[in-house]
Amino acid sequence: MINTLTNKEDENTNEPWANVGKEYPWYLIDGTNADTFIKNVLRFGKPTEVSIVAAFETDGRGSTQDMDLPLHHDGDYSARKAAEKGLTFDKKIDILALYCVRGGGATTRLEWEGNHASIILKEGQALIIDNKICRHGRVGPVGDRILLRAWIERR
């Protein structure tokens with residue numbers, strides 16, 4: 001089951017965002033834009049990190065974006081790497097919010113409470129995930145896909 005909500009920009013309504021997080025652990029919102037995404041995501045709480053996610057680098061961590069990414073909660077990798085260095089990772093990531101600036105072929109996989117879903121994000125879509133309940137991963141090449149990612153700590 002894909003929970004798709006339509007955001008009609010021409011009607012300037014935030015109604016699709018009103019129910020996010022109330023019933024399902026994730027939501028896919030169609031037909032939005034970066035401005036609306038940012039304004040609505042900020043209503044959920046405090047951003048702990050905002051970044052652009054894409055395969056920009058030719059070497060290092062960012063260069064491996066075309067590799068499959070196993071199911072995980074955001075922050076798991078950073079916490080593990082910090083612990084290896086004797087450090088702590090203290091960012092709270094209650095909500096993972098993704099806005100698709102440019103689509104690609106990669107499939108985003110979601111898993112929660114024994115349920116599964118797969119989505120290929122398209123330009124103008126937002127994916128809002130409860131990071132405590134839902135794990136996510138990726139299969140297939142990222143290619144030219146660009147996402148705006150926000151980690152949110154709930155108020």
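**Group meeting: strands, cores and a hairpin in a predicted model**

Good morning. I shall begin with one residue, Leu127, which is found in strand E8, spanning residues 126-130. Please bear in mind throughout that what stands before us is a predicted model.

Is Leu127 buried or exposed? Its relative accessible area is 0%, which means that Leu127 counts as buried, the cut-off being under 20%. Setting aside residues up to four places away in sequence, Leu127 touches a set of residues that includes Trp26, Tyr27 and Leu28, then Leu96, Ala97 and Leu98, and also Thr108, Leu110, Ile119 and Leu121. One of these, Trp26, lies 101 residues from Leu127 along the chain, yet their C-alpha atoms are separated by 7.1 Å.

From this residue I turn to the core. The largest nonpolar core has 17 residues, and those touching the most other members are Trp26, Leu110, Ile119, Leu121, Leu127 and Ile129. Which strands each supply at least two residues of this core? They are E2 (26-30), E5 (95-102), E6 (107-112), E7 (115-119), E8 and E10 (146-154). E5 gives the largest share, 3 residues. There is also a second, separate core, with 12 residues, among them Val41, Phe44, Ile95 and Ala150.

Just beyond E8 comes Asn131, in the loop that leads from E8 to strand E9 (135-139). Although this residue sits in a loop, Asn131 is buried, with a relative accessible area of 3%. What does Asn131 contact, leaving aside its neighbours within four places in sequence? The contacts are His73 and Asp74, together with Ile93, Asp94, Ile95 and Leu96.

Let me now describe the sheet to which E9 belongs. It is an open sheet of 4 strands in the order E4-E9-E6-E7, and the pairing is antiparallel. Strand E4 (69-72) and E7 stand at the edges; each has a single partner strand, so one side of each has no neighbour in the sheet. From one strand to the next, the twist averages 20°.

Within this sheet, E6 pairs with strands that I shall take in turn. With E9, E6 forms an antiparallel pair over 5 bridges. Thr107 has Val139 of E9 as its bridge partner, and Leu110 has His136 of E9. With E7, E6 is likewise joined by 5 bridges, and these two strands also run antiparallel. Here Arg109 stands opposite Ser118 in E7, and Glu111 stands opposite His116 in E7. As a general point, side chains in a regular strand alternate between the two faces of the sheet. As for burial, E6 is mostly covered, with 5 of its 6 residues buried.

The connection between E6 and E7 deserves a separate remark. The two strands form a hairpin with 2 residues between them. Which residue in the turn has a positive phi? It is Glu113, at about 45°, and this is a positive value in a residue other than glycine. Glu113 is exposed, with a relative accessible area of 66%.

I now widen the view to the whole protein. Its secondary structure comes to 3 helices and 10 strands. Read from the N terminus, the elements follow the order β-α-β-α-β-β-α-β-β-β-β-β-β. The protein has 155 residues, of which 43% count as buried. Of the contacts between residues at least 6 apart in sequence, 75% join residues at least 24 apart. The accessible surface is about 8,700 Å², and carbon and sulfur atoms account for 50% of that area.

Finally, a word on confidence. The mean pLDDT of the protein is 84, and 79% of the residues score at least 70. Which elements have the lowest and the highest mean pLDDT? Strand E1 (residues 4-6) has the lowest, 43, and E5 the highest, 96. Over residues 1-13 the pLDDT stays under 50, and for this stretch the model has 33 contacts beyond four places in sequence.

To recapitulate: Leu127 of E8 is buried and is among the members of the largest core that touch the most others. E5, which supplies the largest share of that core, also has the highest mean pLDDT among the elements. Thank you for your attention.

Technical notes: Residues numbered from 1 in each chain as written. Predicted model: local features only at pLDDT ≥ 70, side-chain atom pairs only at ≥ 80, totals over all residues. Heavy atoms only, no water. Buried < 20%, exposed > 50% of the residue type's maximum accessible area, 1.4 Å probe, protein only. Contact = heavy atoms within 4.5 Å. Core = buried A, V, L, I, M, F, W, Y, C linked by side-chain atoms within 4.5 Å. Pairing = 2+ DSSP bridges. Axes fitted to C-alpha atoms, helices over the stretch in contact; angles between N-to-C directions. pLDDT = per-residue confidence, 0-100. Areas by Shrake-Rupley, 256 points an atom, 1.4 Å probe, with all protein chains shown as cover.
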